[in-house]
Amino acid sequence: MTHRRMLIGALAASPALLALPAAAQEAPFPNRPVRILLAFAPGGGTDLIARTLGSAMQGVLGQPVVVENRPGAGGNIATEAAATARPDGYTVLMGNHGPMSVNVSLFRNMRIDPERALEPIGLVADAPLVVVVGPRSRAQTMSELLAEIRAANGNITYGSASNGSASHLAAALMLQMAGLQAEHVPFRGAAPALTDVVAGHLHFMVTTLPSVIGLINGGQVRPIAVTGEARMAVLPNVPPVAETIPGYKATAWYGLLVPRGTPAPVRERLFAAMRQALSDPEVIRRLRDEGAEPSTMDGEAFARLIRWERERWATVIRQANITVD
């Protein structure tokens, strides 16, 4: 009995000893699966990028990394779900330029401000688009396409995946910087828009590489420019738009973000895992096959990119009077 009382007294006098068993049970992050929320349906280019990255990251983190698709509302559903999740690092958003930088200018009643509700981990990849023409256009170069548009006095049509999509905004920016006008025809997805380009109903389109590479290889459309700052490895003979319109750049980017308030050590662990995954040659190859260039941009630089994109696309949207249904 005396020994028991002495032991109880010692424990009472040492709170750290009482806390030891609970603390010992806590494992460092992560000690359970991590999920990546994605604003797009399975099977697309963004889905492939997210799953390729997640598969490589789980080998680094030592826990499963599960991609969860939550499409809808222009990406706002997945973005809101991530922003309102517990800030513990186990819910990560694969954000892109639409939900993070464009939607605040397109949607009037967004329930969150993604820039304030989410903290950037790092940029995963940057994906230029491709300017293509079909039989309706005789243009072989960007200069020739601009000359056609100028000569038509606005009586030229171009397609896009939807109002406010990356393909729409990239074309609108191109026209604004060139001081030209053309008629926009929105579709529900890139595939039906490209069908009309191939059929000769539309003059041109700006679209993602995965959506059009088969048509390019089949000779059904001609690629005349890419929207990044440099040529793409898969299209080495196609120059950037910027060679004709200096300063032009319009890309679709993808990056990881977490709910604001996620502890710094957890954010650092996720960034380290992301960066290590993106150094894997197989990951690099798969991303480049999708027309995406892997990035090493950290959270601070990614935050500046989001802010810059938000400001410039707000101007483009206002000047082009772009609205969503």
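**A tour around helix α3**

Begin by selecting L53, A56, M57, V60 and L61 in α3, which meet R269, L270, A273, M274, Q276 and A277 in α11. Sorted by class, the residues of this contact of α3 with α11 comprise nine nonpolar, one polar and one charged. The model on display is a predicted one.

Next, show both helices in full: α3 covers residues 45-61 and α11 covers residues 264-277. Their axes lie 8 Å apart, and the helices pack at an angle of about 120°. That angle makes α3 oblique to α11. The crossing of the two helices, α3 and α11, is right-handed.

Keep α3 selected and add helix α12, residues 281-289. The axes of α3 and α12 cross at roughly 175° and come within 10 Å; the two helices are therefore roughly antiparallel to each other. For the side of α3 that takes part here, select L48, I49, T52 and A56, which meet V283, R286 and L287 in α12. The contact of α3 with α12 contains five nonpolar residues, one polar and one charged.

Turn now to the interior. Which residues have the most contacts inside the largest nonpolar core? They are M57, M94, V124 and F204, in a core of 66 residues. Centre the view on M94: beyond its neighbours within four places in sequence, M94 is in contact with I36, L37, L38, I49, A50, L53, V124, Y254, G255 and L256. Finally, select M205, V212, L215 and V226, which are among the 18 residues of a second, separate core. In soluble globular proteins, nonpolar side chains tend to be buried together.

Conventions: Residues numbered from 1 in each chain as written. Predicted model: local features only at pLDDT ≥ 70, side-chain atom pairs only at ≥ 80, totals over all residues. Heavy atoms only, no water. Axes fitted to C-alpha atoms, helices over the stretch in contact; angles between N-to-C directions. Helix = DSSP H or I, 4+ residues; strand = E, 2+ residues; numbered from the N terminus. Parallel < 35°, antiparallel > 145°, perpendicular 65-115°, else oblique. Left-handed = near helix turned anticlockwise from the far one by under 90°. Contact = heavy atoms within 4.5 Å. Nonpolar A, V, L, I, M, F, W, Y, C, P; charged D, E, K, R; others polar. Core = buried A, V, L, I, M, F, W, Y, C linked by side-chain atoms within 4.5 Å. Buried < 20%, exposed > 50% of the residue type's maximum accessible area, 1.4 Å probe, protein only.
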